[in-house]
Amino acid sequence: MCTVCGCAEGEVQVEGHDHSGGKTHNHDHGHSHHGHEHDYGQGPAGAHAPGMSQSRMVQIEEDILGKNNQYAAANRRWFNERGILALNLVSSPGSGKTTLLTRTIEDLKAEMALSVIEGDQQTANDAERIRSTGVKALQINTGKGCHLDGHMVGHALETLQPESGSVLFIENVGNLVCPAAFDLGEAHKVAILSVTEGEDKPIKYPDMFHAADLVLLNKIDLLPHLQFDVEQCIEYARRVNPGIKVLKVSATSGEGMPLWYQWLRATQQMTAVGL
Amino acid sequence: MHEMSLCEGVLQVLEEHSRSQGFDRVTAVFLEIGGLSGVEPEAMRFCFDAVTRGTLAERAALEIEHVPGQAWCMQCATTVQVNQRFDQCPDCDSYQLQVTGGDEMRIRELEVE
């Protein structure tokens, strides 16, 4: 059985949703009906009326993402118990996410414990890139899937076993659409947007920028060669999410990276005191 | 966006309820989809048919109720209707809106046999 989510076949789920036999009331009163028979019908509705079929309505009122949210909540509890800061890194393909991550690891691995979960449709190339920095990394291949979900991350944690008080980076599949809806149990979503993309990405993919708390505007060393309007881009991001924070960085030249490290240190300290 | 995984999520919920509430077939599924949930109802229908093939919900009707997006305008101090997350307030043109509704994706009820 999975120790994080208890997902093995037939196991009771986190919120105890096992109502087996719930609606079929079996009243065995042990008294006789003095020789006459009541026909309650044989169908599942347990009722019998001429001209009526046995179909019935079942009220569910359940969130479609409810299952994922349960797994995510379990992951979040797991992180909180261990004081682990988990960050969900999201971006389009080619924004420089893995380069930014390897640089971050090289610069910070001496001062804090780090580990990485890599999500890609195929190949373990990214996890190998991370492992070559000497930090623990685990690859999840989603196959046809376009995003990581709470369940996959729960299983990855069992194998990866990040240390208490560490920072865990979860590099999501490069995609600005689907990962927005799937909570993994992270403390923050960090969106990485590079200036080689359009400045209107925040309003083209509003769900992602709405869900993110921090934007790293990457590759700013290339700005002199581009038409990218930084202020316009930030203004678009604030339209979708008035509280969003933006840091301008370049993972190649190192410009602005100290600001991101400062944000990481401060956020990790908040996690350590349980905030 | 990820309608395929959403439909698989719906099917999982149906299968769980069929065990707990004792039904073998689902003939209709009623969903509530918010205008800001990022779900495309047409894609949802397409995927639903594909995902439910050969299951307890094969050929079940899919009814999708659209819930309009709602936001609180901080300038007007009132609830307004929006179609996108980055919409302006229709009254004062401010962008200081806090989305308050219309991002739900829920299974409301089922018709079962």
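This passage walks through a predicted model, starting with chain A and ending where it meets chain B.

Chain A has 275 residues, and 41% of them count as buried. Its secondary structure comes to 8 helices and 8 strands. Looking at contacts in chain A with a separation of 6 or more, 72% involve residues 24 or more positions apart.

A good place to start is strand S3 of chain A, residues 114-120. Here 7 of the 7 residues are buried, so the strand is largely enclosed by the rest of the structure. That goes for both faces: A:Leu114, A:Val116, A:Glu118 and A:Asp120 are buried on one side, and A:Ser115, A:Ile117 and A:Gly119 are buried on the other. S3(A) pairs with two strands of its own chain. With strand S4 of chain A (residues 136-141), it runs parallel and shares 6 bridges. With strand S5 of chain A (residues 167-171), it also runs parallel, this time through 5 bridges. A:Val116 takes part in both pairings, standing opposite A:Ala137 in S4(A) and having A:Phe169 as its bridge partner in S5(A). The step from S3(A) to S4(A) goes by way of helix H3 of chain A (residues 125-131), and together the three make a right-handed β-α-β unit.

Next comes helix H4 of chain A, residues 150-160. Its buried residues are A:Gly150, A:His151, A:Met152, A:Val153, A:Gly154, A:Ala156 and A:Leu157. These pack against helix H1 (66-82) of chain A and against S3, S4 and S5 of that chain, which brings the story back to the enclosed strand S3(A). Just after the helix, A:Gln161 takes a positive phi of about 45°.

Helix H8 of chain A covers residues 257-272. At 1.5 Å a residue, its 16 residues should span 22 Å, and the end C-alpha atoms are 23 Å apart, which agrees. The buried residues of H8(A) are A:Met257, A:Trp260, A:Leu264 and A:Thr271. Seen down the helix axis, they fall within an arc of 60°, so they line one face of the helix. The face turned away from that buried side carries the exposed residues A:Pro258, A:Gln262, A:Ala266, A:Gln269 and A:Met270. As for what the buried residues pack against, the partners in chain A are strand S2 (85-91), helix H2 (97-108), S5, strand S7 (214-218) and strand S8 (245-248). Just after H8(A), A:Gly274 takes a positive phi of about 80°.

That leaves the meeting of the two chains, where 29 residues of chain B are in contact with 31 residues of chain A. On the chain B side, the elements giving two or more residues are helix H1 (3-21) and strand S6 (105-112). H1(B) gives the most, with 9 residues. By type, this side of chain B divides into 11 nonpolar, 11 polar and 7 charged residues. S6(B) also pairs across the chains: 6 bridges join it to strand S1 of chain A (residues 56-63), and the two run antiparallel. Within that pairing, A:Val58 stands opposite B:Leu110.

One residue of chain B is worth a look here, B:Arg85, which lies in the loop between strand S4 (78-82) and strand S5 (97-101) of chain B. With 22 C-beta neighbours inside 10 Å, B:Arg85 counts as buried, since the cut-off is 20 or more. Leaving aside neighbours within four places in sequence, B:Arg85 is in contact with A:Pro206, A:Asp207, A:His210 and A:Val240 from chain A, and with B:Leu36 and B:Val99 from chain B.

How values were computed
Residues are numbered from 1 along each chain as its sequence is written. Chains are lettered from A and ligands numbered from 1 in the order in which they are written. This is a predicted model: local features need pLDDT of at least 70, side-chain atom pairs count only at pLDDT 80 or more; totals for chains, interfaces and linings use all residues. Helices (H or I, at least four residues) and strands (E, at least two) are DSSP runs, numbered from the N terminus. A residue is buried if 20 or more other C-beta atoms lie within 10 Å of its own, exposed if 12 or fewer, and partly exposed in between; C-beta atoms are placed from the backbone. Two residues are in contact if their C-beta atoms, placed from the backbone, lie within 7 Å. Two strands pair if DSSP finds at least two bridges between them. A crossover is right-handed if, with the strands pointing away from the viewer, the path from the first strand over the helix to the second runs clockwise. Ala, Val, Leu, Ile, Met, Phe, Trp, Tyr, Cys and Pro count as nonpolar, Asp, Glu, Lys and Arg as charged, and the others, Gly among them, as polar. The expected span of a helix is 1.5 Å times one less than its number of residues. The arc is that of the directions from the helix axis to the C-beta atoms.
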